[in-house]
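Subject: Structure handover

Hello,

Here is the structure I said I would pass on. My notes follow below it.

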Amino acid sequence: ISIPICKSPDWFKGSIEFTVFNKIYIIDDDRSIHDLWRRVFKTKQIENVVIHFYSEKEIFDGMKTISNSDLILIDNDLRMSKKGIELISSYKLKNAILVTSGYDDVFIQRYCIENKIPLLPKFLITYL
């Protein structure tokens, strides 16, 4: 059996170089995802300052503290007034990666491609 190797989709973020960023912001309303990121950072011995935002108030208050030298790992479905892709666009977040289980939504894929927003399926977090 021969399985051809194909190119990754244009929206796909296959790797992240965490050490080039001053701070890492995790924006997700699901505490288990925050715990998963903590395990990944501990396993990979990533020592960046990691800041976690869970609620709408934390997110909107915290957006003022994010700089262009920070990495933002943000879910799309935050169960709040704005989606993750809306926050990325409205705050013009430079180093944002949309980390979502809705990665297979054609609208989200197209939006990410058109706006040059990397997309990472949530189920791949542990494989980074």
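How many salt bridges does a search of the whole structure find? The search finds six. Please keep in mind that this is a predicted model. I describe some of the salt bridges here and then turn to one helix.

**Salt bridges**

One of the six joins the side chains of Lys 122 and Asp 28, with N and O 2.9 Å apart. These two residues come from distant parts of the chain, 94 residues apart. Asp 28 sits in the loop between strand S1 (23-27) and helix H1 (31-43), while Lys 122 belongs to the segment after strand S5 (119-121). Lys 122 has a relative accessible area of 13%, so it counts as buried. Asp 28 is also buried, because its relative accessible area is 3%. The pair does not stand alone: a network of salt bridges links Asp 28, Lys 122 and Asp 75.

A second salt bridge is formed by Asp 35 and Arg 38, whose closest N and O atoms are 2.9 Å apart. Here both partners lie in helix H1, three residues apart, which is about one turn of the helix. Asp 35 is partly exposed, at 36% relative accessibility, and Arg 38 is partly exposed at 36% as well.

Another pair is Lys 83 and Asp 77, where the closest N and O atoms are 3.7 Å apart. Lys 83 is partly exposed, with a relative accessibility of 38%. Asp 77 is partly exposed too, at 41%.

**Helix H4**

Which residues of helix H4 are buried? In this helix, which spans residues 106-114, they are Ile 108, Gln 109, Tyr 111 and Cys 112. Around the axis they cover an arc of only 165 degrees, so they lie on the same side of H4. What do these buried residues pack against? Their partners are helix H3 (84-90), strand S4 (96-100) and S5. S5 is also the strand that precedes the segment holding Lys 122.

Both ends of H4 have something to look at. The N-terminal end is capped by Asp 105, which has a side-chain oxygen 2.7 Å from the backbone nitrogen of Phe 107. After the helix comes Lys 116, with a positive phi near 55 degrees.

If you want a place to start, open the pair Lys 122 and Asp 28, then go on to the buried residues of H4.

Regards

Conventions
Residues are numbered from 1 along each chain as its sequence is written. This is a predicted model: local features need pLDDT of at least 70, side-chain atom pairs count only at pLDDT 80 or more; totals for chains, interfaces and linings use all residues. Side-chain values use heavy atoms; hydrogens and water are left out. A salt bridge is a side-chain nitrogen of Lys or Arg within 4 Å of a carboxyl oxygen of Asp or Glu. Helices (H or I, at least four residues) and strands (E, at least two) are DSSP runs, numbered from the N terminus. Buried means under 20% relative accessible area, exposed over 50%, partly exposed in between (1.4 Å probe, protein chains only). The arc is that of the directions from the helix axis to the C-beta atoms. Contact means heavy atoms within 4.5 Å. A polar contact is a pair of N or O atoms within 3.5 Å; within protein, one must be able to donate a hydrogen and the other to accept it, and residues adjacent in sequence count only if both atoms are side-chain atoms.
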